[in-house]
Amino acid sequence: MKTSIGFLGAGKMAEGILAAAAAVKGFNASRVTMAEKSPERARYMEKKYGVRTTASAAEAAKAADVLVLAVKPQDVASVAAETKPYMDGGKLLISIAAGKTTAVLRKAFGTKARIVRVMPNLALVAKEGMSAIAGAKNATEEDIAFAERLLGAAGKTVRLPEKAFDAVTALSGSGPAFYAYMEQAMADAGRELGLPAAAAALLARQTMFGTAAYLRATGANCDDFIAAVCSKGGTTAAGMKALSARGAFRKTVSATLKAAAERSAELAKV
Ligand SMILES: NC(=O)c1ccc[n+]([C@@H]2O[C@H](COP(=O)([O-])OP(=O)(O)OC[C@H]3O[C@@H](n4cnc5c(N)ncnc54)[C@H](OP(=O)(O)O)[C@@H]3O)[C@@H](O)[C@H]2O)c1
């Protein structure tokens, strides 16, 4: 990547994106500037990745062609105030700040900067992230393609209109917590059946992970897969009968995502 990149905030998500980009051939850490408030965090990033750091967001904005906005949503306004004078038409702003719409970002950073909004998830830290990408009106095809390459190094990407972002936030943004809840429920249920806690935790984790890997490797449809593994009168069929009784599980999952999407819509108004 020849483009110079500035990160506004060097927290967990910024590090995940940087670590994935750093593993791509041709990536040049000397073209990366990270603005970070915490001096310890900045030193850690310098040492581990060989990037330049600064305490000033304005400094990073001046230095870079592409800026990745990776501070918490409540810090976006102050970072925008610092960097707005440097956001001309030559800059691309890729925002991962949850709930900050391109309209809000345009107001905060000015109308000149080209903006691409991304909703990633925490799994990008393990290079298995899921990122939805939407360009603002003034973003070019190259801008969106650049965001796809950057986030694509840390997992999968999908282009979606911005109006889909509350649903995306509910499904893939908040999804890792819901998935972990299911894994914990499986492990706890294993313990109730008499398994030692550590073994139950291992069995649950590897089963969830292994099934996800199998489904992805085979491209299997979930309903077909379930039908194939539920032999008549067998153990899986008995378990599935309990799991699907009265549609209660599906209703709970549906209510879970609805609640998360509604909250996402509320937060976008703040
Ligand atoms: N974590 C997720 O699963 C997830 C998923 C989707 C989207 N996101 C979005 O990703 C963004 C980053 O999240 P994160 O979890 O990586 O947050 P984080 O770990 O808190 O990282 C943000 C970093 O930015 C620093 N910072 C704050 N204000 C600054 C300023 N003015 N100049 C320079 N640095 C500044 C913070 O320092 P201090 O700690 O000292 O304030 C912190 O180190 C958020 O907007 C979030 O909505 C996160």
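The expected span of a helix is taken as 1.5 Å times one less than its number of residues, and helices (H or I, at least four residues) and strands (E, at least two) are DSSP runs numbered from the N terminus. The model is predicted: local features need pLDDT of at least 70, side-chain atom pairs count only at pLDDT 80 or more, and totals for chains, interfaces and linings use all residues. Residue numbers start from 1 along each chain as its sequence is written.

**Exercise 1. Compare the expected and actual span of helix α12, then state how many of its residues are buried.**

Step 1. Helix α12 covers residues 248-269, and its 22 residues should span 32 Å at 1.5 Å a residue. The end C-alpha atoms of α12 are 32 Å apart, which agrees.

Step 2. A residue is buried if 20 or more other C-beta atoms lie within 10 Å of its own, exposed if 12 or fewer, and partly exposed in between, with C-beta atoms placed from the backbone. By this count two of the 22 residues of α12 are buried, so the helix is hardly covered.

Step 3. In the loop between α11 (235-243) and α12 lies R246. R246 has a positive phi of about 55° although it is not a glycine. With 7 other C-beta atoms within 10 Å, R246 is exposed.

**Exercise 2. Repeat the span check for helix α6, and find which side of α6 is buried.**

Step 1. The twelve residues of α6 (141-152) should span 16 Å, and the end C-alpha atoms are 16 Å apart, in agreement.

Step 2. The buried residues of α6 are D143, I144, F146, A147, L150 and L151. They cover an arc of only 155° around the axis, which puts them on the same side of α6; the arc is that of the directions from the helix axis to the C-beta atoms.

Step 3. Exposed residues E141 and E142 are on the face turned away from that buried side.

Step 4. Cover for the buried residues of α6 includes α1, β4, β5, β6, β7 (129-135) and β8. Contact here requires C-beta atoms, placed from the backbone, within 7 Å.

**Exercise 3. Give the strand order of the open sheet, and identify its edges.**

Step 1. Eight strands form the open sheet in the order β3-β2-β1-β4-β5-β6-β7-β8, with mixed pairing. Two strands pair if DSSP finds at least two bridges between them.

Step 2. The edges are β3 (52-54) and β8 (155-159); each has a single partner strand, so one side of each is left without a neighbour in the sheet.

Step 3. From one strand to the next the twist averages 25°. Axes are lines fitted to C-alpha atoms, for helices over the stretch in contact, and angles run from 0 to 180 degrees between N-to-C directions.

Step 4. Strand β1 (5-8) pairs in the parallel sense with β4 (66-69) over four bridges, and I5 stands opposite V66. Four bridges also join β1 to β2, again parallel, with A35 in β2 as the bridge partner of L8.

**Exercise 4. Which residues have the most contacts inside the largest nonpolar core?**

Step 1. A nonpolar core is a set of buried Ala, Val, Leu, Ile, Met, Phe, Trp, Tyr and Cys residues joined through C-beta atoms within 7 Å.

Step 2. The largest has 59 residues, and F7, L8, I17, V68, L69 and I94 have the most contacts inside it. Helix α1 (12-22) gives the most to this core, with six residues.

Step 3. Not counting residues up to four places away in sequence, F7 touches A14, L18, M34, A35, A60, V68 and A70.

Technical notes:
Two residues are in contact if their C-beta atoms, placed from the backbone, lie within 7 Å.
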